[in-house]
Structures are given as structure tokens and as C-alpha cells.
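Got the viewer open? Keep the selection box handy, and let's go from stop to stop.

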Amino acid sequence: MSTTENNVNPIQHRKVHLIGSGIASLASAAYFIRDGGINPSNITIYEEMDKAGGSLDGAGSAKDGYIMRGGRMLNFSYVCTYDLFSFIPSLGDPGIMVLDEIKAFNKNIKTHSQARLVDDGQILDVSSMGFSIRDRLDLVEMMAASESHFGAKRINEWFEPNFFKTNFWFMWDTMFAFQPWHSALEFKRYIHRFIHEFKRIDTLAGVDRTPYNQFDSMARPLIEWLKEQGVQFELGTRVTDLYFSLTGEKKTVQSIQLIKDGKSKSVKVRLNDLVLVTIGSMTADSSLGLMDSAPRLITDKRDGSWKLWEAIAKNSDQFGHPSVFDSRVDESKWESFTVTCQGTEFFDLMEEFSGNKAGTGGLVTLKDSNWLMSIVLAYQPHFIGQPDNVTVFWGYGLFQDKEGNFVKKKMADCTGAEILTELFSHLKFDEVSDKLLKTSNCIPCMLPYITSQFLTRTTGDRPQVVPEISENLAFIGQFAEVPDD
């Protein structure tokens with residue numbers, strides 16, 4: 001009898017192997033279930049860490065300090081993200097979807113920054129972009145030029161030096177973490193994607209936020225839903241390589257090589273099974289400091305994500321060139337910090353200074369900071385279970401190898417206490433600085449690859465999602481090439 005006569009759906013017997021547990025894999029699993037007809041119990045997500053979620057992380061406690069390595073802003077143009085969370089139930093109220101929760105939150109808590117840029121403790125008027133006629137022409141030319149025209153050109157090879165002194169540049173580069181040496185092509189793509197934000201870039205009024213940090217608001221409900229459907233999570237599992245066979249002119253993944261509990265293992269992959277790999281990682285080899293110690297810069301690829309891509313890439317030129325993205329740490333690193341405060345005094349001072357209640361102001365960038373430091377005070381509580389008398393904010397510096405204006409050390413060499421001292425001095429909170437330090441816990445985080453996806457590249461450095469030579473392998477994540485996006 002045929003499978004049709006037996007009422008057996010062959011797709012339901014197909015296994016899907018997802019390597020990495022970031023948002024790309026989690027989203028893939030959700031759509032394989034909703035639209036792909038895959039049996040959830042046949043979907044396995046492999047994750048090296050002991051916690052799923054990838055870069056959408058958030059952890060800690062009021063006692064030991066909370067930590068977020070990064071943060072993201074959403075808006076209506078995130079149609080794929082919003083579609084995904086339109087069918088994922090809320091953790092707090094399973095009767096509504098996460099998207100409904102996000103929309104309701106942003107209806108009540110509206111972003112309208114009144115202190116986007118600060119210089120010498122004074123809020124700047126940034127209602128004007130500060131463009132010259134040449135800047136405007138260069139932007140128009142950039143938007144009109146074809147992608148093939150850019151090659152490995154850097155942003156500072158496209159614009160005049162004064163462009164990097166405009167209000168626009170200070171707001172744009174701190175919103176997305178662009179640097180002048182990053183890819184002009186990537187910059188062009190962002191201009192196209194966020195052109196609607198030009199008219200409100202000074203207030204960030206187009207930004208959507210999540211009710212809590214993005215791990216609690218997005219990753220956690222998605223992970224819980226996938227587990228409830230029956231998706232298998234293999235945590236503490238490091239995938240080291242894929243073994244291929246040649247089927248005609250196609251390369252087919254035959255097995256997945258991994259290490260779990262210190263033991264090597266091989267997982268067989270059948271011809272009709274699918275393997276999706278998140279290649280590279282923005283947050284690989286991140287290192288945390290403390291109030292009395294600085295984080296370390298790790299560059300020997302202890303995290304397995306880059307090594308895995310390097311191993312896979314040896315099998316075909318179509319599998320991309322990871323060294324383009326993981327060998328220029330000096331061009332891709334910066335440092336973030338998460339601050340847990342006992343009480344609301346710093347938040348009260350910032351509200352008085354900026355005119356914004358926490359959650360309504362977005363990024364505050366210290367333009368005169370040698371570190372180009374920015375902070376953002378989210379709506380509180382920012383973590384599920386966060387006590388009422390505890391407040392949490394996040395910040396980062398783009399130039400961690402420069403000496404501070406007040407603390408005469410590189411940001412990279414500074415303890416959490418020294419980072420806070422520099423921040424309070426810029427804001428001219430000197431009179432209460434000692435008191436604030438005693439009630440704050442600043443955890444710095446060094447991120448060697450955080451903007452590696454912005455590095456200059458040429459065609460082929462990022463592999464196609466499904467390379468032509470691939471039979472059952474696809475690439476996902478920041479380093480897979482999605483044309484024009």
C-alpha cells in the first residue's frame with residue numbers, strides 16, 4: 001500500500017535538527033510546527049549553554065545583580081517578528097498572545113525622548129539632523145546605488161568626515177551601534193529599512209518596547225510554547241562538526257558530531273531530514289566583570305559557534321567565510337553594563353534631569369564621553385519577579401579602548417564601580433555619587449563579536465540560507481545572507 005492509502009503523512013516523520021537556540025532556531029521550530037506539518041517531537045534544538053534563548057538573554061537576581069548582554073528596539077516594520085508572536089501565548093495570561101501584550105504595553109507606555117543627546121551635562125537640541133548639502137547628496141546616492149556597487153566599502157569611504165559629527169550620526173550609530181569602519185552596504189540596508197524613523201529619530205517615538213526584558217517577554221514564552229508542543233531541547237550540548245556525503249552534485253549532511261557531558265556522540269541524519277545551523281554568534285565569548293573587577297576580552301573562540309562554522313565552511317566555498325567576521329575583534333567589540341539599584345534614587349534623578357519617566361525616554365547618549373556611553377532606563381520592573389524596591393538599567397560604550405574623561409582608564413579596564421563613577425560624573429551627579437555607588441551593582445560585559453555582522457564583506461562571505469550545493473542543510477541567523485535585508 002502507498003503511504004497515502006495508509007493515511008501516513010511522510011512529512012510528519014521527517015526530523016528537524018536545529019543547531020543553536022537563539023531566536024532564529026526558536027522561530028524556525030515554531031513555523032515548522034505551524035506551517036510545515038512537522039511533528040514537534042521530531043524537532044530537536046541543540047544548545048551549548050545550559051539555557052535556551054541565545055543572545056535574547058536576561059538573568060540574575062536582585063541580590064546578585066541582573067544582567068543583559070544587549071537590548072533591542074522593535075517597531076512596526078518587524079513584520080516577521082510580530083507575525084511569530086501573534087500565535088505564541090503570553091506567560092502572564094495564556095488567553096492572549098505575546099504580540100497583544102506588546103501592543104497593549106506600548107499603547108500605555110509611549111516613547112518620546114526629551115534627552116537623546118547630552119553634552120557637558122546639558123541636553124542638546126537635536127531636532128535638526130545637522131546635514132550639509134553634501135551629506136544629503138551622499139545619502140540619496142547611497143540609497144539609489146545597487147548593492148553590487150558597494151563591495152567591501154566602509155561607511156567612512158562613502159561620506160565626508162563632517163558627516164560623523166552630525167546629530168544624525170550620533171543618534172544613528174548609538175541606536176544601532178554602527179562604526180565608521182563598518183560596511184557601507186549594511187548601512188545602506190539599514191537606511192532603507194528604517195527610513196521612516198528619520199522624522200522621529202530625535203525622540204525615538206517609533207520604537208516599540210516589550211513589557212519586560214526580551215528574554216522574559218519574548219524568549220521565555222516562545223521556549224515554553226515549544227516545549228509544550230513537544231520540541232526536544234538538548235542543552236549543554238556542543239555541536240562540533242557536520243559530516244557530509246556527495247549525492248550527485250549535492251552535499252548531504254549524514255551526521256551531526258557533538259559533545260555532551262564530556263562524551264563525543266554522532267547523531268545520524270537521514271536523507272529526508274533537515275539540518276538548520278545558526279552560524280556565528282554576536283555574543284560568543286562574552287565575559288562578565290563585577291563592581292570590583294573588569295571583564296576579560298576573550299579572543300580564542302572558547303564558544304563553539306565560530307569553530308562550528310569554520311569546520312562546516314571547509315566543505316564548500318558556498319558555506320561562507322567565517323574568518324571575515326570572527327578575525328577582526330578590534331572592529332567588532334564593545335562593552336555593555338547592567339546596573340541593579342536598591343531604591344529609585346538614580347531613576348528619580350534621571351527623571352528630573354531628562355523629563356522622562358523610566359520607559360518613555362529611550363537611549364540617553366553622552367556625546368562628549370570618550371567612551372561614547374549611552375544608557376537606557378526601561379519601564380520597571382524589567383525582570384519577572386523583580387522586587388518593587390529594585391530598579392534596573394542598561395548601558396554600553398562604543399569606544400572601550402579609550403581613556404575615560406573622569407576615570408583615567410580605558411573602559412575595558414574599568415570595574416563596575418569605575419564605570420558608574422564615569423557615568424555619574426558626566427551627568428553631574430557628583431554630590432550623590434558616593435551614595436549611589438553604595439546602593440548600585442554594575443555588572444560590565446565585554447562582547448568581542450557584538451557588531452561582527454556589520455563588518456565589511458563581499459559576495460559569498462555570508463552563505464545563502466540554502467546554498468545551491470546543499471541537499472538538506474540551511475543556514476540561519478545574523479550571518480546568513482538574506483538579499484536586501
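Select leucine 137 first, which sits in helix 4. Is leucine 137 buried or exposed? With a relative accessible area of 55%, leucine 137 is exposed, because exposed here means over 50%. Bear in mind as you click around that this is a predicted model. Now add phenylalanine 159 to the selection and draw a C-alpha to C-alpha distance: leucine 137 and phenylalanine 159 are 9.8 Å apart in space, with their positions 22 residues apart in sequence.

Stay with helix 4 and show all of residues 133-144, then bring up helix 6, residues 184-193. Their axes are 9 Å apart and the two helices pack at an angle of about 90°, so helix 4 and helix 6 are roughly perpendicular to each other. Turn on side chains to see who meets whom: Leu139, Met142, Met143 and Ala144 come from helix 4, while helix 6 brings Ala184, Phe187, Lys188, Ile191 and His192. Colour that contact by class and you get seven nonpolar residues, one polar and one charged.

Next, step back to the loop between helix 5 (167-176) and helix 6, and pick alanine 177. Check its backbone: phi of alanine 177 is near 70°, a positive value in a residue other than glycine. Alanine 177 counts as buried, at 4% relative accessibility.

For another positive phi, jump to aspartate 120, where the value is near 55° and the residue is again not glycine. You'll find aspartate 120 in the loop between strand 5 (117-119) and strand 6 (122-123). What does its accessibility say? At 46%, aspartate 120 counts as partly exposed.

Time for another helix pair. Select helix 1 (residues 23-34) and helix 7 (residues 214-229), whose axes come within 10 Å and cross at roughly 40°. That angle makes helix 1 and helix 7 oblique to each other, and their crossing is left-handed. On the helix 1 side, show Ile23, Leu26, Ala27, Ala29, Ala30 and Ile33; on the helix 7 side, show Leu222, Ile223, Trp225, Leu226 and Gln229. The contact of helix 1 with helix 7 is made of 10 nonpolar residues and one polar, with no charged ones.

Keep Leu226 lit up. Along with Phe168, Trp172 and Phe187, Leu226 is among the residues with the most contacts inside the largest nonpolar core, a set of 86 residues. Beyond its neighbours within four places in sequence, leucine 226 is in contact with Leu26, Ala29, Ala30, Ile33, Ile45, Val231 and Phe233. Another core, of 29 residues, lies apart from the largest one; Ile256, Ala284, Ile312 and Val329 are among its members. As background, nonpolar side chains tend to be buried together in soluble globular proteins.

Now go to glycine 53, in the loop between strand 2 (43-46) and strand 3 (59-61). Glycine 53 is buried, with a relative accessible area of 1%. What is around it? Leaving out neighbours within four places in sequence, glycine 53 is in contact with Ser21, Gly22, Ile23, Leu26, Phe215, Ala219 and Ile223. Try a distance to alanine 219: the two C-alpha atoms are separated by 5.7 Å, although the residues are 166 apart along the chain.

Last stop: proline 381, in the loop between strand 15 (373-376) and strand 16 (390-397). Select glutamine 380 as well and look at the bond joining them, a cis peptide with omega about 0°.

Conventions. Residues numbered from 1 in each chain as written. Predicted model: local features only at pLDDT ≥ 70, side-chain atom pairs only at ≥ 80, totals over all residues. Heavy atoms only, no water. Axes fitted to C-alpha atoms, helices over the stretch in contact; angles between N-to-C directions. Helix = DSSP H or I, 4+ residues; strand = E, 2+ residues; numbered from the N terminus. Parallel < 35°, antiparallel > 145°, perpendicular 65-115°, else oblique. Left-handed = near helix turned anticlockwise from the far one by under 90°. Contact = heavy atoms within 4.5 Å. Nonpolar A, V, L, I, M, F, W, Y, C, P; charged D, E, K, R; others polar. Core = buried A, V, L, I, M, F, W, Y, C linked by side-chain atoms within 4.5 Å. Buried < 20%, exposed > 50% of the residue type's maximum accessible area, 1.4 Å probe, protein only.
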